[in-house]
Amino acid sequence: MFLYNLTLQRATGISFAIHGNFSGTKQQEIVVSRGKILELLRPDPNTGKVHTLLTVEVFGVIRSLMAFRLTGGTKDYIVVGSDSGRIVILEYQPSKNMFEKIHQETFGKSGCRRIVPGQFLAVDPKGRAVMISAIEKQKLVYILNRDAAARLTISSPLEAHKANTLVYHVVGVDVGFENPMFACLEMDYEEADNDPTGEAAANTQQTLTFYELDLGLNHVVRKYSEPLEEHGNFLITVPGGSDGPSGVLICSENYITYKNFGDQPDIRCPIPRRRNDLDDPERGMIFVCSATHKTKSMFFFLAQTEQGDIFKITLETDEDMVTEIRLKYFDTVPVAAAMCVLKTGFLFVASEFGNHYLYQIAHLGDDDEEPEFSSAMPLEEGDTFFFQPRPLKNLVLVDELDSLSPILFCQIADLANEDTPQLYVACGRGPRSSLRVLRHGLEVSEMAVSELPGNPNAVWTVRRHIEDEFDAYIIVSFVNATLVLSIGETVEEVTDSGFLGTTPTLSCSLLGDDALVQVYPDGIRHIRADKRVNEWKTPGKKTIVKCAVNQRQVVIALTGGELVYFEMDPSGQLNEYTERKEMSADVVCMSLANVPPGEQRSRFLAVGLVDNTVRIISLDPSDCLQPLSMQALPAQPESLCIVEMGGTEKQDELGERGSIGFLYLNIGLQVLAMSSRSWLSYSYQSRFHLTPLSYETLEFASGFASEQCPEGIVAISTNTLRILALEKLGAVFNQVAFPLQYTPRKFVIHPESNNLIIIETDHNAYTEATKAQRKQQMAEEMVEAAGEDERELAAEMAAAFLNENLPESIFGAPKAGNGQWASVIRVMNPIQGNTLDLVQLEQNEAAFSVAVCRFSNTGEDWYVLVGVAKDLILNPRSVAGGFVYTYKLVNNGEKLEFLHKTPVEEVPAAIAPFQGRVLIGVGKLLRVYDLGKKKLLRKCENKHIANYISGIQTIGHRVIVSDVQESFIWVRYKRNENQLIIFADDTYPRWVTTASLLDYDTVAGADKFGNICVVRLPPNTNDEVDEDPTGNKALWDRGLLNGASQKAEVIMNYHVGETVLSLQKTTLIPGGSESLVYTTLSGGIGILVPFTSHEDHDFFQHVEMHLRSEHPPLCGRDHLSFRSYYFPVKNVIDGDLCEQFNSMEPNKQKNVSEELDRTPPEVSKKLEDIRTRYAF
């Protein structure tokens, strides 16, 4: 079995975000890393919409990302620290739309290791040096400069190593043009290592260390180091030189401290807390990320706490000495992994989980009522300030980027009866979680919809002049009239355009530079720029049935199949070619290509005839109107379009099915074909896409450009005219999200009603009941704590506190502390997304598994079983037992009726229906239960599974158990002896997260390190083994590696690079072949598809081999070793690498395709074919 890996939707979670002018213009851009992907985004400064300019897979783990620019430069470069053991500097080339690798310097081994640099990057703010550091011991400094040709140069590395030292964070200190300086949060563990009593470990302090790069002596010295009182988690550089006081802000638990060396005293300010917070009062508060904004006259920092509150931090200075830190509550947004303040006044928030946001900073929050906290205000040690969170005031949301990260579970099924299956994805975390329904298609936003007086049959848009940016008219043709609308601030009817309004129209377009042409059944109307009109009338009784027009040519077909050809002469007149051409049958469709740049005419005309043929006719003056070639079709051609794709002219024949109309239009690089769904084909990031629109059926469409909507579509559907815009080009799925309360863990589909039964569980959370109880208790304490005279005021405050309800999806849920769990069981209708039933479990009961099943002794009733852990503490692990709740599904699968709960001794982490009973994995025990009146009855068990059962799959008499760290175990149930007997297992340890059966002997599994494997039992496996209670046989039949005596074989191994949490064998398109679909924690969706022929496999193997050598990954990681991170890659070809063929330079494409005995378009076609055969 050979498989091909394809990514359908790239990961959406963001791990780092940096901003700068990467294209060298004044425009602000953002570079984000999504695990193993680099992406360049550009927010449109006018509309605020974020556009993706470039996405590149780097086939390595991006561990750190920084922007830097040389002193006096205008362009930012990107420094990447990855797992390749190399530092890489990239430059964005806007002309080619690609990242170019300028420098790649190797310094260590590959892989994410403790002492190989790459984890931390720091840049000197003046762009003179960069430091790359490991978690422990090693730090390297590279000096950056420019040579005579203004190219970037990099020095050899200077070492700043210190053994036995752990690094927490590194930043470049802004010292103006003094020697570059770097600040590190470090901890020396040497004493703790050598002290057996453990006292030294308890007393070890974190230090703040400054490293200076002496540019004169060209080496790095450890300038200064001082121990810190609190444990810091990150540093913020304070602007220096002429812009500010320099130094650093240290963010630590409960405090933020300003430090600088010299006589500067430490300035320390506590982090304000929310008033009346339900959080565990012992819990500290830290800042998790920050963004700096600096102009010539001022600077400020925005820092976000782990609850999502953003504070604006400013420093008060007195002649270069900082005297106080001021904090002011700014706004609350979801907790971010990174924030960027852009010069254009936007704040980009890359959320830790869920969607990412772009906000406009409307106010700087200087003049509002919000109290300002200062380090100069007197406070007792351990006290802090309090503030009241509120809805957004200084920020305005302008764009939201959909993100599926994290996907915790996914099932693919056609529950909405749409032919194409939908993906039901449980994603998000805590109160921001959602169930999303993904459908293949492009999201369409309606700009305008207006009703028309009748049912039109066609619509076109035309510009007044070829150089115009926007369209001037929309022309709508009816059965007996033509309506002309002019496009301005609004769209309104005009009568002085020169178009003939009393007749239907066959075609309108721009001819030459500034003339318009209208083709109607009785003739051709040529409207010059000065409104002079020339007409050509049809001879005798004939009428025009079809026409084809481009910038300089008009071809018409008269009744009876006669072709008349016109060409525009240099003076702008339309001249008829002397001869006419009689075709052998009536013309049903025709098409002209656009005039190639620098030429006078298009040389080819395609004509489709009634006799099921398409003919290509030459328009070259030497052999004008002579047939060149012919293609017979199985049905009548419906419409034609000659499109230039990828630089080579191809002939596209579509719509050979006589029933559904296909129409085609060109929009920039976009073509729209309409069938029962409308399809759009467009070229995006050097790949050709053909995607359906998630919208009502359109009958005719045309490109549209105006100021409000620069790239849109104008279309007709029955009697309405619609103006549509496509904002999310490149997206494969459009999604509908339904909010959930806690993190969804798993769900099952009830087979009869198609409803979903979802279990949601959160650690460190309160249930609704406990929350209400805590609020009540706090309100009572408020009233009690008040003195006699303040009682009334306190009662009012308590009432206000009880009534206020800030949405948790924005302000976060209160953190309850370790070992506190909250869970619900939800029954949901997946089409409408409404909750039909919601069962709240008690505090500290955590639901981990769910199954829907029938029991053989109860007939047709459906039951839902939920496995719940009681008082689970994760570390050090302890559990007070568990329960299996049994519910009966009533009301046609809409309500859960509680039957009973069965106590068990460990966590029931897996439940599966099995032969009219259920299998439950209780800790490491595998048990069969049957339904009883008061509880579930235990029928049989097996105690020989190694650690903890994380999943159960069943097929026939076989049970495949996935262990949390020992891969798969095959178990056979013997009905007569009532025994579960292990008969085979795997030779590799795998930390299985999810599994899917492929057939009776084969199982696919994924592990928590991001690998996918397929494991198969050899053909001679015997599952009729006996258990040997006497132990006699065991002496000589001990089995391999103390496990079962039979072992499974590995069919394939592949490293995806993101933790895979769901696998399913399914077909994604109607009539397509089966594939294995996986979803990852970072929000990626991919498929593994089997090759059907050896020659295909051979071809793609060679493509992959050539690309590995000709187009190595951007960050310097070796592709083969990345895909073999944990197990050597076996029998899988990486389609993501193969598809980079399209973004290679043309001469390299040519070399590779010649090696394969093909042409570049043929290779691209093969890549496209395998994709469309299985997916999109």
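P406 sits in the loop that links β33 (395–401) and β34 (407–413). In this predicted model, the peptide bond from S405 to P406 is cis, with omega near -5°. A further cis peptide bond joins N875 and P876, and here omega is about -5°. P876 is likewise a loop residue, placed between β70 (863–870) and β71 (882–890). Backbone geometry also stands out at N164. Phi of N164 is near 55°, a positive value in a residue other than glycine. N164 belongs to the loop between β14 (158–159) and β15 (165–173). Most residues other than glycine have a negative phi, and most peptide bonds are trans.

Confidence was examined next. The chain has a mean pLDDT of 90. A pLDDT of 70 or more is reached by 95% of its residues. Two stretches with low values deserve mention. Over residues 645–671 the pLDDT stays under 50. For residues 645–671 the model nevertheless has 85 contacts beyond four places in sequence. Over residues 1031–1036 the pLDDT is also below 50. The stretch 1031–1036 has two contacts in the model beyond near neighbours in sequence.

Two helix pairs were analysed. Helix α3 (residues 768–785) and helix α4 (residues 791–803) have axes that come within 8 Å. The axes of α3 and α4 cross at roughly 165°. An angle over 145 degrees counts as roughly antiparallel, and α3 and α4 are therefore roughly antiparallel to each other. The crossing of α3 past α4 is right-handed. On the α3 side, the contact is made by K775, Q776, M778, A779, M782, V783 and E784. On the α4 side, R791, A794, A795, M797, A798, F801 and L802 take part. By class, this contact of α3 with α4 has 10 nonpolar residues, one polar residue and three charged residues.

The second pair consists of helix α6 (residues 1094–1110) and helix α10 (residues 1160–1174). Their axes are 12 Å apart, and the packing angle is about 120°. Angles of 65 to 115 degrees count as roughly perpendicular, and over 145 as roughly antiparallel. Helices α6 and α10 are therefore oblique to each other. α6 passes α10 in a left-handed crossing. From α6, the contact residues are D1096, F1099 and F1100. From α10, they are V1163, K1166, L1167, I1170 and R1173. The contact of α6 with α10 has five nonpolar and three charged residues, and no polar ones.

The sheets were considered in turn. Strands of a sheet pair through backbone hydrogen bonds, either parallel or antiparallel. One open sheet has four strands in the order β38-β39-β40-β41, with antiparallel pairing. Its edge strands are β38 (458–462) and β41 (491–493), and each pairs on one side only. The twist from one strand to the next averages 25°. Strand β40 (residues 482–487) pairs with β41 over three bridges in the antiparallel sense. Within this pairing, S486 has E492 of β41 as its bridge partner.

Another open sheet of four strands follows the order β73-β74-β75-β76. Its pairing is antiparallel. β73 (908–914) and β76 (936–942) stand at the edges. Each has a single partner strand, so one side of each is left without a neighbour in the sheet. With direction ignored, neighbouring strands of this sheet are turned by 25° against each other on average. Strands β74 (residues 917–922) and β75 (residues 925–931) run antiparallel and are joined by five bridges. L919 stands opposite V928 in β75.

The last residue examined is P903, in strand β72 (residues 895–904). P903 and V868 are 35 residues apart in sequence. Their C-alpha to C-alpha separation in space is 9.5 Å. Not counting residues up to four places away in sequence, P903 touches G882 and F883.

Key
Residues are numbered from 1 along each chain as its sequence is written. This is a predicted model: local features need pLDDT of at least 70, side-chain atom pairs count only at pLDDT 80 or more; totals for chains, interfaces and linings use all residues. Side-chain values use heavy atoms; hydrogens and water are left out. Axes are lines fitted to C-alpha atoms, for helices over the stretch in contact, and angles run from 0 to 180 degrees between N-to-C directions. Angles under 35 degrees count as roughly parallel, over 145 as roughly antiparallel, 65 to 115 as roughly perpendicular and the rest as oblique. A crossing is left-handed if the near helix is turned anticlockwise from the far one by less than a right angle, and right-handed if clockwise. Contact means heavy atoms within 4.5 Å. Ala, Val, Leu, Ile, Met, Phe, Trp, Tyr, Cys and Pro count as nonpolar, Asp, Glu, Lys and Arg as charged, and the others, Gly among them, as polar. pLDDT is the predictor's confidence in each residue, from 0 to 100. Two strands pair if DSSP finds at least two bridges between them.
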